[in-house]
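Dear colleague,

Please find below the structure that I am handing over to you, followed by a summary of what was found in it. I should be grateful if you would read the notes with the model open.

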Amino acid sequence: MLSFSLLSMLACHEMDTIFRGVADLNITSDSSRVESHHLTTSVEEEDFILKDLLELPIEICERRPTCLRCCRPEKVCLCPFLPGCPLDVSTCLYIVQHPAEESRVLRTVPLLAACLPPGKCKVFVGRRFSEERNPELAAVCQHSKTLLLYPGAEAQNLQDMNEIVTGDVQNVIIIDGTWSQAKDMFFKNSLFHLPKQVQLSSTPSSQYVIRTQPTNMCLSTLECAAITLSIMEKDPAIQEVLLKPLRALCSFQLQHGAQVHHSKEHLLKCGLYDKPLPKNKRKMKRIQKLITNQKI
(Lines give C-alpha, C1' and ligand atoms only; values in the text may rest on other atoms or scores of the structure.)
Protein backbone atom coordinates (compact mmCIF):
# COMPACT_ATOMS: atom_id res chain seq x y z
CA MET A 1 0.00 0.00 0.00
CA LEU A 2 1.06 3.54 -0.77
CA SER A 3 1.69 5.84 2.08
CA PHE A 4 -0.55 8.85 2.72
CA SER A 5 2.21 11.28 1.76
CA LEU A 6 2.74 9.57 -1.61
CA LEU A 7 -0.99 9.65 -2.37
CA SER A 8 -1.04 13.33 -1.57
CA MET A 9 1.82 14.00 -3.93
CA LEU A 10 0.08 12.10 -6.77
CA ALA A 11 -3.16 13.96 -6.17
CA CYS A 12 -1.38 17.32 -6.27
CA HIS A 13 0.37 16.38 -9.52
CA GLU A 14 -2.91 15.40 -11.18
CA MET A 15 -4.59 18.61 -10.04
CA ASP A 16 -1.69 20.65 -11.37
CA THR A 17 -1.98 18.89 -14.76
CA ILE A 18 -5.72 19.62 -14.89
CA PHE A 19 -5.20 23.31 -14.04
CA ARG A 20 -2.54 23.61 -16.75
CA GLY A 21 -4.90 22.03 -19.35
CA VAL A 22 -7.65 24.45 -18.36
CA ALA A 23 -5.24 27.36 -18.65
CA ASP A 24 -4.06 26.21 -22.08
CA LEU A 25 -7.69 25.78 -23.15
CA ASN A 26 -8.49 29.32 -22.07
CA ILE A 27 -5.48 30.74 -23.92
CA THR A 28 -6.40 28.78 -27.08
CA SER A 29 -10.00 29.89 -26.79
CA ASP A 30 -8.90 33.52 -26.41
CA SER A 31 -6.62 33.21 -29.46
CA SER A 32 -9.45 31.71 -31.51
CA ARG A 33 -11.71 34.59 -30.49
CA VAL A 34 -9.00 37.07 -31.54
CA GLU A 35 -8.47 35.32 -34.89
CA SER A 36 -12.23 35.11 -35.43
CA HIS A 37 -12.51 38.82 -34.68
CA HIS A 38 -9.75 39.67 -37.16
CA LEU A 39 -11.35 37.42 -39.80
CA THR A 40 -14.75 39.05 -39.31
CA THR A 41 -13.18 42.50 -39.50
CA SER A 42 -11.29 41.54 -42.67
CA VAL A 43 -14.46 40.25 -44.38
CA GLU A 44 -16.35 43.40 -43.36
CA GLU A 45 -13.57 45.59 -44.77
CA GLU A 46 -13.57 43.64 -48.06
CA ASP A 47 -17.36 43.97 -48.31
CA PHE A 48 -17.06 47.69 -47.67
CA ILE A 49 -14.37 48.11 -50.37
CA LEU A 50 -16.36 46.00 -52.82
CA LYS A 51 -19.45 48.10 -52.18
CA ASP A 52 -17.45 51.28 -52.92
CA LEU A 53 -16.15 49.79 -56.14
CA LEU A 54 -19.63 48.81 -57.26
CA GLU A 55 -20.83 52.36 -56.69
CA LEU A 56 -18.16 53.84 -58.96
CA PRO A 57 -19.49 55.13 -62.32
CA ILE A 58 -18.91 52.75 -65.23
CA GLU A 59 -16.90 54.19 -68.10
CA ILE A 60 -18.26 52.82 -71.37
CA CYS A 61 -15.52 52.44 -73.99
CA GLU A 62 -17.20 53.18 -77.27
CA ARG A 63 -15.61 51.82 -80.43
CA ARG A 64 -14.74 54.31 -83.10
CA PRO A 65 -17.44 54.60 -85.77
CA THR A 66 -16.57 52.33 -88.68
CA CYS A 67 -17.21 52.95 -92.35
CA LEU A 68 -19.57 50.28 -93.66
CA ARG A 69 -17.95 50.19 -97.09
CA CYS A 70 -14.19 49.97 -96.46
CA CYS A 71 -14.49 48.66 -92.84
CA ARG A 72 -12.02 51.31 -91.65
CA PRO A 73 -12.60 53.81 -88.80
CA GLU A 74 -14.45 56.82 -90.23
CA LYS A 75 -11.56 59.18 -89.41
CA VAL A 76 -9.23 57.14 -91.63
CA CYS A 77 -11.81 56.06 -94.21
CA LEU A 78 -10.34 55.00 -97.56
CA CYS A 79 -13.54 55.35 -99.59
CA PRO A 80 -12.18 58.37 -101.52
CA PHE A 81 -9.62 55.98 -103.03
CA LEU A 82 -12.18 53.32 -103.98
CA PRO A 83 -13.90 53.30 -107.39
CA GLY A 84 -17.07 55.38 -107.56
CA CYS A 85 -18.97 52.32 -108.76
CA PRO A 86 -18.05 48.65 -108.21
CA LEU A 87 -16.00 47.16 -111.01
CA ASP A 88 -18.04 45.32 -113.61
CA VAL A 89 -16.47 41.87 -113.63
CA SER A 90 -17.74 38.42 -114.50
CA THR A 91 -15.17 36.56 -112.37
CA CYS A 92 -16.23 35.53 -108.87
CA LEU A 93 -13.57 35.55 -106.16
CA TYR A 94 -13.78 33.15 -103.22
CA ILE A 95 -11.42 34.14 -100.40
CA VAL A 96 -10.64 31.29 -98.00
CA GLN A 97 -9.39 33.19 -94.96
CA HIS A 98 -7.42 31.89 -92.01
CA PRO A 99 -9.10 32.96 -88.71
CA ALA A 100 -5.98 34.89 -87.65
CA GLU A 101 -6.37 37.20 -90.67
CA GLU A 102 -9.92 38.13 -89.69
CA SER A 103 -8.70 39.99 -86.58
CA ARG A 104 -5.86 41.90 -88.26
CA VAL A 105 -6.35 45.65 -88.37
CA LEU A 106 -4.47 46.21 -91.64
CA ARG A 107 -6.05 43.45 -93.71
CA THR A 108 -6.64 43.99 -97.42
CA VAL A 109 -9.65 41.76 -98.13
CA PRO A 110 -12.26 44.38 -97.02
CA LEU A 111 -10.73 46.84 -99.51
CA LEU A 112 -10.95 44.21 -102.24
CA ALA A 113 -14.59 43.44 -101.46
CA ALA A 114 -15.44 47.15 -101.44
CA CYS A 115 -14.21 47.48 -105.04
CA LEU A 116 -16.31 44.63 -106.42
CA PRO A 117 -20.07 44.12 -106.90
CA PRO A 118 -22.01 42.26 -104.18
CA GLY A 119 -21.59 38.52 -104.59
CA LYS A 120 -18.35 38.80 -106.59
CA CYS A 121 -16.10 38.51 -103.54
CA LYS A 122 -17.19 35.95 -100.95
CA VAL A 123 -15.14 35.24 -97.82
CA PHE A 124 -15.07 31.90 -95.98
CA VAL A 125 -13.25 31.94 -92.62
CA GLY A 126 -11.75 28.76 -91.16
CA ARG A 127 -8.90 26.26 -91.18
CA ARG A 128 -10.70 23.11 -92.28
CA PHE A 129 -13.50 22.88 -94.84
CA SER A 130 -15.68 19.98 -95.88
CA GLU A 131 -18.65 19.30 -98.13
CA GLU A 132 -20.89 18.74 -95.10
CA ARG A 133 -20.03 22.00 -93.30
CA ASN A 134 -19.37 24.17 -96.37
CA PRO A 135 -21.66 23.01 -99.19
CA GLU A 136 -21.41 26.29 -101.14
CA LEU A 137 -17.61 26.27 -101.14
CA ALA A 138 -17.58 22.55 -101.96
CA ALA A 139 -19.81 23.16 -104.98
CA VAL A 140 -17.44 25.89 -106.18
CA CYS A 141 -14.42 23.59 -105.80
CA GLN A 142 -16.18 20.91 -107.84
CA HIS A 143 -17.17 23.36 -110.60
CA SER A 144 -15.33 22.94 -113.90
CA LYS A 145 -14.85 26.71 -114.25
CA THR A 146 -13.06 27.11 -110.90
CA LEU A 147 -9.36 27.91 -110.53
CA LEU A 148 -7.29 27.80 -107.34
CA LEU A 149 -4.53 30.39 -107.09
CA TYR A 150 -1.72 28.63 -105.25
CA PRO A 151 1.90 28.19 -106.47
CA GLY A 152 3.39 24.75 -106.91
CA ALA A 153 4.99 22.27 -109.29
CA GLU A 154 1.60 21.29 -110.72
CA ALA A 155 0.30 24.85 -111.04
CA GLN A 156 -0.14 26.31 -114.51
CA ASN A 157 0.89 29.91 -115.14
CA LEU A 158 -2.26 31.99 -115.31
CA GLN A 159 -0.68 34.38 -117.82
CA ASP A 160 -0.10 31.48 -120.24
CA MET A 161 -3.63 30.06 -120.18
CA ASN A 162 -5.38 30.44 -123.52
CA GLU A 163 -8.67 28.83 -122.58
CA ILE A 164 -9.86 31.84 -120.57
CA VAL A 165 -12.74 33.24 -122.60
CA THR A 166 -13.94 36.79 -122.08
CA GLY A 167 -17.48 36.89 -120.71
CA ASP A 168 -17.40 33.26 -119.59
CA VAL A 169 -18.15 32.95 -115.87
CA GLN A 170 -15.11 31.89 -113.88
CA ASN A 171 -14.45 31.26 -110.20
CA VAL A 172 -11.10 31.87 -108.52
CA ILE A 173 -10.26 30.66 -105.01
CA ILE A 174 -7.53 32.55 -103.12
CA ILE A 175 -6.17 31.46 -99.73
CA ASP A 176 -5.75 34.43 -97.38
CA GLY A 177 -3.14 34.02 -94.63
CA THR A 178 0.59 33.92 -94.01
CA TRP A 179 2.56 31.57 -96.23
CA SER A 180 2.77 28.92 -93.52
CA GLN A 181 -0.96 29.22 -92.83
CA ALA A 182 -1.82 29.03 -96.53
CA LYS A 183 0.38 25.96 -96.96
CA ASP A 184 -1.29 24.23 -94.02
CA MET A 185 -4.76 25.03 -95.34
CA PHE A 186 -3.95 23.86 -98.86
CA PHE A 187 -2.49 20.48 -97.91
CA LYS A 188 -5.03 19.66 -95.20
CA ASN A 189 -8.18 20.43 -97.21
CA SER A 190 -8.90 17.90 -99.94
CA LEU A 191 -11.49 20.26 -101.47
CA PHE A 192 -8.70 22.59 -102.59
CA HIS A 193 -7.11 19.84 -104.68
CA LEU A 194 -10.19 19.55 -106.93
CA PRO A 195 -9.95 22.80 -108.96
CA LYS A 196 -7.26 23.50 -111.55
CA GLN A 197 -4.25 24.96 -109.75
CA VAL A 198 -2.75 28.16 -111.19
CA GLN A 199 -0.04 30.61 -110.22
CA LEU A 200 1.29 34.01 -111.24
CA SER A 201 4.55 33.42 -113.09
CA SER A 202 5.90 36.96 -112.93
CA THR A 203 4.82 39.57 -110.43
CA PRO A 204 6.06 43.02 -109.45
CA SER A 205 7.43 43.71 -105.98
CA SER A 206 4.73 44.02 -103.37
CA GLN A 207 3.42 47.50 -102.61
CA TYR A 208 2.10 46.29 -99.26
CA VAL A 209 5.23 47.64 -97.57
CA ILE A 210 3.81 47.82 -94.04
CA ARG A 211 3.94 44.04 -93.64
CA THR A 212 6.92 41.71 -93.98
CA GLN A 213 6.86 39.19 -96.85
CA PRO A 214 9.08 36.08 -97.15
CA THR A 215 10.43 37.02 -100.61
CA ASN A 216 10.39 39.97 -102.96
CA MET A 217 7.88 38.14 -105.18
CA CYS A 218 5.29 37.56 -102.44
CA LEU A 219 2.13 39.63 -102.72
CA SER A 220 -0.80 40.52 -100.50
CA THR A 221 -4.20 38.95 -101.15
CA LEU A 222 -5.47 42.18 -102.72
CA GLU A 223 -2.46 42.36 -105.06
CA CYS A 224 -2.93 38.73 -106.13
CA ALA A 225 -6.60 39.39 -106.79
CA ALA A 226 -5.82 42.58 -108.74
CA ILE A 227 -3.40 40.80 -111.11
CA THR A 228 -5.68 37.77 -111.43
CA LEU A 229 -8.76 39.83 -112.29
CA SER A 230 -6.87 41.94 -114.82
CA ILE A 231 -5.83 38.70 -116.58
CA MET A 232 -9.21 36.98 -116.29
CA GLU A 233 -11.14 40.04 -117.47
CA LYS A 234 -8.47 41.00 -120.03
CA ASP A 235 -8.44 44.54 -118.64
CA PRO A 236 -5.10 45.87 -117.26
CA ALA A 237 -6.88 48.94 -115.82
CA ILE A 238 -8.47 46.74 -113.14
CA GLN A 239 -5.12 46.25 -111.46
CA GLU A 240 -4.55 49.98 -111.06
CA VAL A 241 -8.05 50.55 -109.65
CA LEU A 242 -7.64 47.83 -107.02
CA LEU A 243 -4.15 48.90 -105.97
CA LYS A 244 -5.11 52.54 -105.38
CA PRO A 245 -6.68 51.99 -101.91
CA LEU A 246 -3.75 49.74 -100.91
CA ARG A 247 -1.26 52.50 -101.71
CA ALA A 248 -3.38 54.97 -99.74
CA LEU A 249 -3.47 52.62 -96.74
CA CYS A 250 0.32 52.16 -96.73
CA SER A 251 0.93 55.90 -97.22
CA PHE A 252 -1.31 56.78 -94.28
CA GLN A 253 0.38 54.25 -91.98
CA LEU A 254 3.87 55.42 -92.95
CA GLN A 255 2.90 59.03 -92.25
CA HIS A 256 1.80 58.04 -88.76
CA GLY A 257 4.85 56.14 -87.55
CA ALA A 258 4.82 52.84 -89.42
CA GLN A 259 8.09 51.57 -90.87
CA VAL A 260 8.78 50.12 -94.30
CA HIS A 261 9.01 46.33 -94.01
CA HIS A 262 11.48 44.78 -96.41
CA SER A 263 11.07 41.14 -97.33
CA LYS A 264 13.01 38.49 -95.43
CA GLU A 265 14.85 37.75 -98.68
CA HIS A 266 16.02 41.38 -98.93
CA LEU A 267 17.12 41.51 -95.29
CA LEU A 268 19.13 38.30 -95.60
CA LYS A 269 20.90 39.40 -98.77
CA CYS A 270 21.81 42.78 -97.27
CA GLY A 271 22.92 41.30 -93.93
CA LEU A 272 20.16 43.16 -92.09
CA TYR A 273 18.28 40.14 -90.74
CA ASP A 274 18.51 40.68 -86.96
CA LYS A 275 16.80 37.49 -85.78
CA PRO A 276 18.79 34.34 -84.87
CA LEU A 277 19.05 31.92 -87.76
CA PRO A 278 17.18 28.62 -87.28
CA LYS A 279 19.10 25.49 -86.28
CA ASN A 280 16.68 23.21 -88.09
CA LYS A 281 18.33 21.96 -91.31
CA ARG A 282 15.12 22.19 -93.34
CA LYS A 283 14.55 25.80 -92.30
CA MET A 284 18.20 26.66 -92.94
CA LYS A 285 17.86 25.24 -96.44
CA ARG A 286 14.92 27.55 -97.06
CA ILE A 287 16.97 30.51 -95.82
CA GLN A 288 19.79 29.60 -98.22
CA LYS A 289 17.32 29.41 -101.10
CA LEU A 290 16.07 32.89 -100.25
CA ILE A 291 19.61 34.25 -100.36
CA THR A 292 20.44 32.52 -103.68
CA ASN A 293 17.13 33.47 -105.35
CA GLN A 294 16.05 29.86 -105.83
CA LYS A 295 12.37 29.03 -105.96
CA ILE A 296 10.94 27.61 -102.76
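A salt bridge is taken here as a side-chain nitrogen of Lys or Arg within 4 Å of a carboxyl oxygen of Asp or Glu. By this rule, the count for the structure is 5 salt bridges. Please bear in mind that this is a predicted model.

Salt bridges

One of these pairs joins the side chains of Asp184 and Arg128, with an N to O distance of 3.1 Å. The two residues are 56 residues apart and belong to distant parts of the chain: Asp184 lies in helix 5 (residues 179-187), while Arg128 sits in the loop between strand 2 (121-125) and helix 4 (135-142). Asp184 also forms a salt bridge with Lys188, again at 3.1 Å, N to O. Arg128, Asp184 and Lys188 are thus linked in a network of salt bridges.

The members of this network vary in accessibility. Asp184 is partly exposed, at 24% relative accessibility, and Arg128 is partly exposed at 33%. Lys188, at 52% relative accessibility, counts as exposed, because the cut-off for that class is over 50%.

A further salt bridge pairs the side chains of Glu240 and Arg247 at 2.9 Å, N to O. Glu240 is partly exposed, with a relative accessible area of 46%, and Arg247 is likewise partly exposed, at 31%.

Helix 5

Helix 5, which holds Asp184, also has a buried side. Gln181, Ala182, Met185 and Phe186 are buried in helix 5. These residues cover an arc of only 130 degrees around the axis, and therefore lie on the same side of helix 5. An α-helix has 3.6 residues a turn, so residues three or four places apart point the same way. The cover over the buried residues of helix 5 includes strand 1, helix 2 (99-102), strand 3, strand 5 and strand 6 (196-199). On the face turned away from the buried side, helix 5 carries the exposed residues Ser180 and Phe187.

Nonpolar cores

The largest nonpolar core has 42 residues, of which Leu93, Leu112, Leu116, Leu158 and Leu242 touch the most other members. Two or more residues of this core come from each of strand 1 (92-97), helix 3 (109-115), strand 3 (146-149), strand 5 (171-176), helix 6 (221-232) and helix 7 (237-255). Helix 6 gives the largest share, 8 residues.

Which residues does Leu112 contact, leaving aside its neighbours within four places in sequence? They are Leu93, Ile95, Cys121, Leu222, Ala225 and Leu242. Apart from this core lies another, of 18 residues, among them Tyr94, Phe129, Tyr150 and Leu191.

Gln253

One residue of helix 7 deserves a separate entry: Gln253 is found in this helix. Gln253 is buried, because its relative accessible area of 18% falls under the 20% cut-off. Not counting residues up to four places away in sequence, Gln253 touches Arg72, Leu106, Ile210 and Ala258.

With kind regards

Conventions:
Residues are numbered from 1 along each chain as its sequence is written. This is a predicted model: local features need pLDDT of at least 70, side-chain atom pairs count only at pLDDT 80 or more; totals for chains, interfaces and linings use all residues. Side-chain values use heavy atoms; hydrogens and water are left out. A nonpolar core is a set of buried Ala, Val, Leu, Ile, Met, Phe, Trp, Tyr and Cys residues joined through side-chain atoms within 4.5 Å. Buried means under 20% relative accessible area, exposed over 50%, partly exposed in between (1.4 Å probe, protein chains only). Helices (H or I, at least four residues) and strands (E, at least two) are DSSP runs, numbered from the N terminus. Contact means heavy atoms within 4.5 Å. The arc is that of the directions from the helix axis to the C-beta atoms.
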